[in-house]
Amino acid sequence: MIFETHAHYDDEAFDEDRDTLLSSMQENGIGYIVNVGASLKSTAESIRLAEKYPFVYAAVGVHPSETGELDEAGFLWLKEQCLLEKVVAVGEIGLDYYWEEPAHDIQKAWFARQLDLAREVKKPVIIHSRDAAKDTFDMLKEKHAGELGGVIHCYSYSAEMALDYVKMGFYIGIGGVVTFKNGKKMKEVVEALPMERILLETDSPYLSPEPNRGKRNSSLNLPYVAQRVAEIKGISYDAVVEITSQNAKQMYYL
Ligand code: NI
């Protein structure tokens, strides 16, 4: 069974068929799903989904682009959610310099706080980093975040940096981009990484793999990602599914 390590089924893109879709996952080979919080509201909805479906787990956290909403009360609430049984990680947290707002120092401050929170509650972290390679790497290094365990999700930087993250203790999340025709960089990343450090993810509803690029994504597209990883690594599809599922279980303590 495939382990979907990163999806957003709370997104409004799933409002019309969320329950039908989620109910079809297991019969289609998707064994586990981690629904990842990106704001306080989506964290609450992730937890609700995890409470409803036995195979769904939740990550709690505020995405860098949403950190403008955080204050001490919100942060305290996040911390309380970390104690719930089906919460398996703190995330997604990190830095996103693609957008102008919030200011970099605000993003950094809440990234640091949420890394400290993960340490306090002993959970792995799910890292979002876009156009912020150096600052993300430096902060994770300075915070010794490798000790927490976790994943650099939707990894988009160099193969060399991916190996540095592995050395630090992280897994690398591989999604639909690896199937794109212009996905040469991701091919190099997968080639360079040991299988024991690769996780499969979709970031649904975003980043649909080929042949469904541009459409709404769901975990049902993960076989396309697994197949591409198998081709790049020269191993069987089943081996990719098996190893990446074991990796995810290890990382999320499941
Ligand atoms: Ni995400």
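**Glu 27, the nickel site and the largest pocket**

User: Is Glu 27 buried or exposed?

Analyst: Glu 27 has a relative accessible area of 67%, so this residue counts as exposed. Please keep in mind that we are looking at a predicted model. As for its place in the chain, Glu 27 sits in the loop between helix H1 and strand E2, which covers residues 30-36.

User: And how far apart are Glu 27 and Gln 107 in space?

Analyst: Going from C-alpha to C-alpha, the separation between Glu 27 and Gln 107 is 40 Å, while along the sequence they are 80 residues apart.

User: What does the C-alpha trace span overall?

Analyst: The C-alpha trace of the protein chain covers about 45 × 40 × 30 Å along its principal axes. In secondary structure, the chain is made up of 9 helices and 8 strands. Its radius of gyration is 17 Å, close to the 18 Å that the globule rule gives for 254 residues, and therefore the chain is as compact as a globular protein of that length. Of those 254 residues, 57% are buried.

User: Switching to the metal, which residues coordinate the nickel ion?

Analyst: The nickel ion is held by His 6 and His 8, each through NE2, together with Glu 92 through OE and Asp 203 through OD, at 2.1 to 2.2 Å. Along the chain these donors are spaced as H-x1-H-x83-E-x110-D. His 8 belongs to the loop between strand E1 (2-7) and helix H1 (18-23), whereas Glu 92 belongs to strand E4 (residues 87-96), so this pair ties together parts that are 84 residues apart in sequence.

User: Why is the arrangement around the nickel ion called irregular?

Analyst: The 4 donor atoms subtend angles of 87 to 173° at the nickel ion, and that is what makes the arrangement irregular. A tetrahedral label would need all angles to lie between 85 and 135 degrees.

User: Are those ligands buried or exposed, say His 8 and Glu 92?

Analyst: His 8 counts as buried because its relative accessibility is 7%, and Glu 92 is likewise buried, with a relative accessible area of 3%. The backbone at Glu 92 also deserves a look, since a cis peptide bond joins Gly 91 to Glu 92, with omega at about 10°.

User: Where else is a peptide bond cis?

Analyst: The bond from Glu 210 to Pro 211 is cis, with omega near 5°. Pro 211 is placed in the loop between strand E8 (198-200) and helix H8 (222-233).

User: OK, pockets now. What volume does the largest one have?

Analyst: The largest pocket has a volume of about 920 Å³. It is lined by 37 residues, and the closest to its centre are His 128, Arg 130, Cys 154, Asp 203 and Leu 207. Asp 203 is also one of the nickel ligands.

User: How do the lining residues divide by type?

Analyst: The lining of the largest pocket divides into 12 nonpolar, 14 polar and 11 charged residues. Strand E4, strand E5 (125-130), strand E7 (171-174) and helix H7 (184-192) each contribute at least two residues to that lining.

User: Last thing, what is the phi of His 144, and that of Tyr 253?

Analyst: His 144 has a positive phi of about 50° without being a glycine, and its place is the loop between helix H5 (133-142) and strand E6 (150-152). Tyr 253, again not a glycine, has a positive phi of about 55°. This tyrosine lies in the segment after helix H9 (237-252), and with a relative accessible area of 60% Tyr 253 counts as exposed.

Notes
Residues numbered from 1 in each chain as written. Predicted model: local features only at pLDDT ≥ 70, side-chain atom pairs only at ≥ 80, totals over all residues. Heavy atoms only, no water. Donors = N, O, S within 2.8 Å, 3.2 Å for Na, K, Ca; no water. Tetrahedral: all angles 85-135°; square planar, octahedral: opposite > 155°, others 65-115°. Helix = DSSP H or I, 4+ residues; strand = E, 2+ residues; numbered from the N terminus. Buried < 20%, exposed > 50% of the residue type's maximum accessible area, 1.4 Å probe, protein only. 1 Å grid on protein atoms, 1.4 Å probe; cavity = no way out; pocket = protein on both sides within 12 Å on 5 of 7 lines; lining within 4 Å. Points joined across faces, edges and corners; volume = space filled by probe spheres on them. Nonpolar A, V, L, I, M, F, W, Y, C, P; charged D, E, K, R; others polar. Rg over C-alpha atoms; globule rule 2.2 N^0.38 Å.
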